[in-house]
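Let's take a friendly walk through a protein model, going from helix packing to the interior and then out to the loops. Have your viewer ready as you read.

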Amino acid sequence: MNAPLAEDRLQRILDLLSRNGRMRTTALTEALGVSGATTRRDLDLLASRGLIRKLHGGAALASQDQQYADRQQLHQDAKTRLAQTALNLIQPGQTLYLDAGTTAQAVAHALKRAPHLTRTLRVVTHGIDVAYELNGECPLYVVGGELYGSTYSLTGPDALDTIRRYRYDLFLVGCTSIDPTRGLTNSNLIEAQQKAAIMTQATRTVLIADHSKWGPTGFATFATLNQIHDWVTDHAGPVARCAFEEADVRVHDSA
């Protein structure tokens with residue numbers, strides 16, 4: 001089996017489940033154009049990674065029952081503390097790239113309450129909710145593309161083309177998980193590619209992720225630990241702190 005093709009097929013399954021909810025194995029097999037045995041092996045692998053739930057005759061995303069609006073309500077206090085800590089790393093006059101997702105939205109909300117800083121910034125984002133928060137608060141550039149509903153983000157070739165045209169002083173990025181050996185991962189291959197592209201254009205990258213992201217294995221790696229400069233978290237355990245510090249990453253606890 002060709003490994004890259006296999007990984008592309010796994011991402012295709014995740015995209016189909018994201019758009020259609022739960023699907024039958026036969027429908028997935030038809031959409032993928034592969035054998036039923038191949039589809040079942042792919043589903044087994046995705047289930048072992050914790051990305052899907054296998055159902056009788058089909059599958060659904062592991063997070064299918066937790067919509068974006070629901071995630072906004074989770075760990076609000078922790079996200080607020082992370083956002084406030086992240087603000088301390090932003091310098092007036094910078095071009096800031098702000099990621100998509102509920103933590104990024106918390107940062108945007110904190111920026112909105114700090115106009116003395118925000119009005120000096122140029123902000124770029126592919127997050128719809130982030131753009132909504134910062135509309136009218138600063139020069140704002142929204143990267144266009146296909147809407148990925150799980151994170152309210154705009155992705156795809158058009159987004160990548162736009163991202164690569166500009167340079168960014170600071171990139172505030174989130175992740176699905178922090179794997180001790182694989183690095184920073186995301187559940188969506190397209191978003192992972194987008195984060196990696198932004199990092200190549202950014203002078204400094206700051207990861208914003210709480211302690212629960214440490215340890216689990218995500219789907220697609222977009223950076224190694226030594227490719228980021230700072231980690232903003234609510235609590236860095238001793239093993240995680242040691243791994244980041246050995247990678248020459250500054251750790252900022254918001255707790």
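Axes here are lines fitted to C-alpha atoms, for helices over the stretch in contact, and angles run from 0 to 180 degrees between N-to-C directions. Keep in mind as we go that this is a predicted model.

Two packed helices are described by the angle between their axes and the distance between the axes. Start with helix α2, residues 25–32, and helix α3, residues 36–48: their axes lie 9 Å apart and meet at an angle of about 110 degrees. Angles of 65 to 115 degrees count as roughly perpendicular, and α2 and α3 are therefore roughly perpendicular to each other. On the α2 side, the contact is formed by T25, L28, T29 and L32, while α3 brings G36, T39, R40 and L43. Sorted by character, the residues of this contact comprise 3 nonpolar, 4 polar and 1 charged.

Now turn to the interior. The largest nonpolar core holds 46 residues, and I52, I178, L207, W231 and F244 are those with the most contacts inside it. Helix α1, spanning residues 3–20, gives the most to this core, with 5 residues. To see one of these well-connected positions up close, select I52: leaving aside residues up to four places away in sequence, I52 touches L14, L17, L43, L46, A47, A59, A60, L61 and A62. Apart from this core there is another, of 26 residues, including V107, L111, A114 and I208.

What about the cysteines? A disulfide is a covalent bond between the sulfur atoms of two cysteines. The cut-off used is a pair of cysteine sulfur atoms within 2.5 Å, and by this rule the count comes to 0 disulfides. Take C175 as a case: the closest cysteine sulfur to its own belongs to C242 and is 19 Å away, too far for a bond. C175 is also buried, at 8% relative accessibility, and C138 is buried too, with a relative accessible area of 12%.

Finally, let's visit two loops. T181 sits in the loop between β10 (177–179) and β11 (183–186), and with 74% relative accessibility T181 counts as exposed. Although T181 and G215 are 34 residues apart along the chain, their C-alpha atoms are separated by 9.3 Å. The other stop is D248, in the loop between α11 (238–246) and β15 (250–253). D248 is exposed at 66% relative accessibility, and its phi is positive, about 65 degrees, although D248 is not a glycine.

Definitions and conventions:
Residues numbered from 1 in each chain as written. Predicted model: local features only at pLDDT ≥ 70, side-chain atom pairs only at ≥ 80, totals over all residues. Heavy atoms only, no water. Helix = DSSP H or I, 4+ residues; strand = E, 2+ residues; numbered from the N terminus. Parallel < 35°, antiparallel > 145°, perpendicular 65-115°, else oblique. Contact = heavy atoms within 4.5 Å. Nonpolar A, V, L, I, M, F, W, Y, C, P; charged D, E, K, R; others polar. Buried < 20%, exposed > 50% of the residue type's maximum accessible area, 1.4 Å probe, protein only. Core = buried A, V, L, I, M, F, W, Y, C linked by side-chain atoms within 4.5 Å.
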